[in-house]
Amino acid sequence: MAFVVTDNCIQCKYTDCVEVCPVDCFHEGPNFLVIDPDECIDCALCVPECPAEAIFAEDDLPASELKFLKLNAELAQQWPVITRSKAPLPDAAEWDGKPNKLPHLKR
């Protein structure tokens, strides 16, 4: 089992989670973070650090978020690893909690 970054991270991209990851499994895109499922050790340290509550254990993914399993695995192979916290996107607070942000994902 791995952890998965889901819809609410899109357009927010809070990076508090990357600071606590002991294996550097987060990858950064323009407006979203993903977790490499092959690197994740299921420690769950990232979950409470996410202000957007966008990280779930694979087994706890809501049905509406299942598509993010494949998306995390795919984008982790394309995007660079991120190991240090950065400022969130400028309008992150406005986007936090808005549903169905997948059309806004920038690859």
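**Entry 1: Aspartate 91**

I started with aspartate 91, which is partly exposed because its relative accessible area is 28%. The cut-offs I used: buried is under 20% relative accessible area, exposed is over 50%, and partly exposed is in between, with a 1.4 Å probe and protein chains only. I found aspartate 91 in the loop between α2 and α3 (92-95). Helices here are DSSP runs of H or I with at least four residues, strands are runs of E with at least two, and both are numbered from the N terminus. Then I looked up a partner in space: aspartate 91 and cysteine 12 are 79 residues apart in sequence, yet their C-alpha atoms are 7.2 Å apart.

Note to self: this is a predicted model, so local features need pLDDT of at least 70 and side-chain atom pairs count only at pLDDT 80 or more, while totals for chains, interfaces and linings use all residues. Residues are numbered from 1 along each chain as its sequence is written, and side-chain values use heavy atoms, with hydrogens and water left out.

**Entry 2: The whole chain**

I counted three helices and four strands in the protein chain. Reading along the sequence, I get the pattern β-α-β-β-β-α-α. The radius of gyration is 12 Å, close to the 13 Å that the globule rule gives for 107 residues, so the chain is as compact as a globular protein of that length. That radius is taken over C-alpha atoms, and the rule is 2.2 Å times the number of residues to the power 0.38. I also noted the box that the C-alpha atoms fill, roughly 30 × 30 × 25 Å along the principal axes.

How much of the chain is buried? Buried residues make up 46% of the 107 residues. I looked at contacts too (heavy atoms within 4.5 Å). Of those with a separation of 6 or more, 77% are between residues 24 or more positions apart.

**Entry 3: Two positive phi angles**

Lysine 13 caught my eye, with a positive phi of about 55 degrees although it is not a glycine. I placed lysine 13 in the loop between β1 (3-5) and α1 (16-20). Is lysine 13 buried or exposed? Lysine 13 counts as buried, because its relative accessibility is 8%.

Aspartate 24 also has a positive phi, about 50 degrees, and is not a glycine. Aspartate 24 sits in the loop between α1 and β2 (26-28), and at 36% relative accessibility it counts as partly exposed.

**Entry 4: Two exposed loop residues**

Aspartate 59 is exposed, with a relative accessible area of 61%. I found aspartate 59 in the loop between β4 (55-57) and α2 (67-76). From C-alpha to C-alpha, aspartate 59 and methionine 1 are 7.1 Å apart in space, with their positions 58 residues apart in sequence.

Glutamine 77 is in the loop between α2 and α3, and its 56% relative accessibility makes it exposed. I checked glutamine 77 against aspartate 60: they are 17 residues apart along the chain, and their C-alpha atoms are separated by 23 Å.

**Entry 5: The cavity**

Last, I searched the whole structure and got one cavity of 30 Å³ or more. A cavity is a set of points on a 1 Å grid over the protein atoms alone, where a 1.4 Å probe fits but cannot get out; lining residues have an atom within 4 Å of a point. The largest cavity holds about 70 Å³ of space. Of its 15 lining residues, the closest to the centre are Cys21, Cys25, Cys40, Cys43 and Cys46.

Key: 1 Å grid on protein atoms, 1.4 Å probe; cavity = no way out; pocket = protein on both sides within 12 Å on 5 of 7 lines; lining within 4 Å. Points joined across faces, edges and corners; volume = space filled by probe spheres on them.
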